[in-house]
Amino acid sequence: MDILGIDIGGSALKGAPVNTKTGKLLAERHRIPTPGVLTPKEMAAAVTKLARHFHWKGPIGIGFPGVVHDNVILTSANLHKDFIGCDAGKLFSKATRLPVSLVNDADAAGIAEVRFGAGKGLRGTILLLTFGTGVGSALFVDGRLYPNSEFGHLPAGKGKDAEHFVSAAARDRKGLSYKKWAHRVSGYLNTLETVLWPNLIIAGGGISADHEKWFKYLKLRTPIVPARFLNEAGIVGAALAVKK
Ligand code: BGC
């Protein structure tokens, strides 16, 4: 089945039609930059623009950077606060006149990696983390997702969440070298190892493409690998997550 997968991020939304049997994009992905913080209504217009770009007439799956229960958004740490409590499934379906369903963006990336990427065919506990504007997490046991895990929001001192210190955005904000930033990430991952004992950690987000520059500084007991899909995981997984 072909589904339009869309990944809503802090600075843009990206999408492409996906063949859910193979996990392959059926067209080049299209990116719409979102300067400023879009309200839900403005985001609905941007989603509609993306669907029109592909002349799309089928179902749409969207990854959103927040907790999602039954297409209702419950948290929005880095996007507009009006998303909190918003039935985005309803809003976006009305705007596009197409069936739209939503999933957490890191869960989407994890679903793509476990089905077709770095976690394919593996049993045990897999923890995927995305390092971007925030830190997203997806937890799998024997291929089954525990939805809406939010390990980026573990308290990390000074009244702030872990993502404030270990996201890729935090590295940029503080101008940290890969070494300095990786030391922070290492400590954070050690905490997660202590409570979750994963068999594999998959690192995603744009910064995972540079893994050769920072994996070497991590001191972990768990094997860590970069996400296979890199920037496409969120799009592919958002399409895969649509219930048929
Ligand atoms: C959000 C998560 C999201 C992550 C990555 C966090 O701030 O709470 O839901 O997965 O950012 O976008």
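Guide: Before we start, contact here means heavy atoms within 4.5 Å. And keep in mind that this is a predicted model.

Visitor: Okay. What covers the buried residues of α2?

Guide: Several elements do, including the strands β1 (2-8), β5 (60-64), β7 (72-73) and β8 (100-104), along with helix α1 (40-53).

Visitor: And which residues of α2 are buried?

Guide: Helix α2 runs over residues 88-96, and its buried residues are Ala88, Gly89, Phe92 and Thr96. They span an arc of only 100° around the axis, so they sit on the same side of α2.

Visitor: What's on the face turned away from that buried side?

Guide: Two lysines, Lys90 and Lys94, are exposed there.

Visitor: What does Arg97 do just after α2?

Guide: Arg97 takes a positive phi, about 60°.

Visitor: Let's jump to α8. How many of its residues are buried?

Guide: Eight of its eight, so to speak the full run of 233-240. By name, the buried residues are Ala233, Gly234, Ile235, Val236, Gly237, Ala238, Ala239 and Leu240.

Visitor: What covers them?

Guide: The cover of α8 includes β1, β2 (12-19), β3 (24-25), β5 and β8, plus helix α3 (105-116). Strands β1, β5 and β8 are also among the elements that cover the buried residues of α2.

Visitor: New topic: where does Thr34 lie?

Guide: Thr34 is in the loop between β4 (30-33) and α1.

Visitor: Buried or exposed?

Guide: Thr34 counts as buried, because its relative accessibility is 7% and the cut-off for buried is under 20%.

Visitor: Which residues is Thr34 in contact with, leaving aside its neighbours within four places in sequence?

Guide: Thr34 is in contact with Gly9, Gly10, Ser11, Ala12 and Leu13.

Visitor: Zooming out, how many helices and strands does the chain have?

Guide: Eight helices and 13 strands.

Visitor: What about its radius of gyration?

Guide: The chain has 17 Å, and a compact globule of 244 residues would be near 18 Å, so the two agree. The C-alpha atoms fill a box of roughly 50 × 40 × 30 Å along the principal axes.

Visitor: How much of the chain counts as buried?

Guide: Of the 244 residues, 52% do. The accessible surface comes to about 11700 Å², with 54% of that belonging to carbon and sulfur atoms.

Visitor: Last one, charges: how many positive and negative side chains?

Guide: There are 32 positive and 19 negative ones, and the centres of the two sets lie 2 Å apart.

Conventions: Residues numbered from 1 in each chain as written. Predicted model: local features only at pLDDT ≥ 70, side-chain atom pairs only at ≥ 80, totals over all residues. Heavy atoms only, no water. Buried < 20%, exposed > 50% of the residue type's maximum accessible area, 1.4 Å probe, protein only. Helix = DSSP H or I, 4+ residues; strand = E, 2+ residues; numbered from the N terminus. Arc of directions from axis to C-beta. Rg over C-alpha atoms; globule rule 2.2 N^0.38 Å. Areas by Shrake-Rupley, 256 points an atom, 1.4 Å probe, with all protein chains shown as cover. Lys, Arg positive; Asp, Glu negative; His and termini not counted. Charge placed at Lys NZ, Arg CZ, Asp CG, Glu CD.
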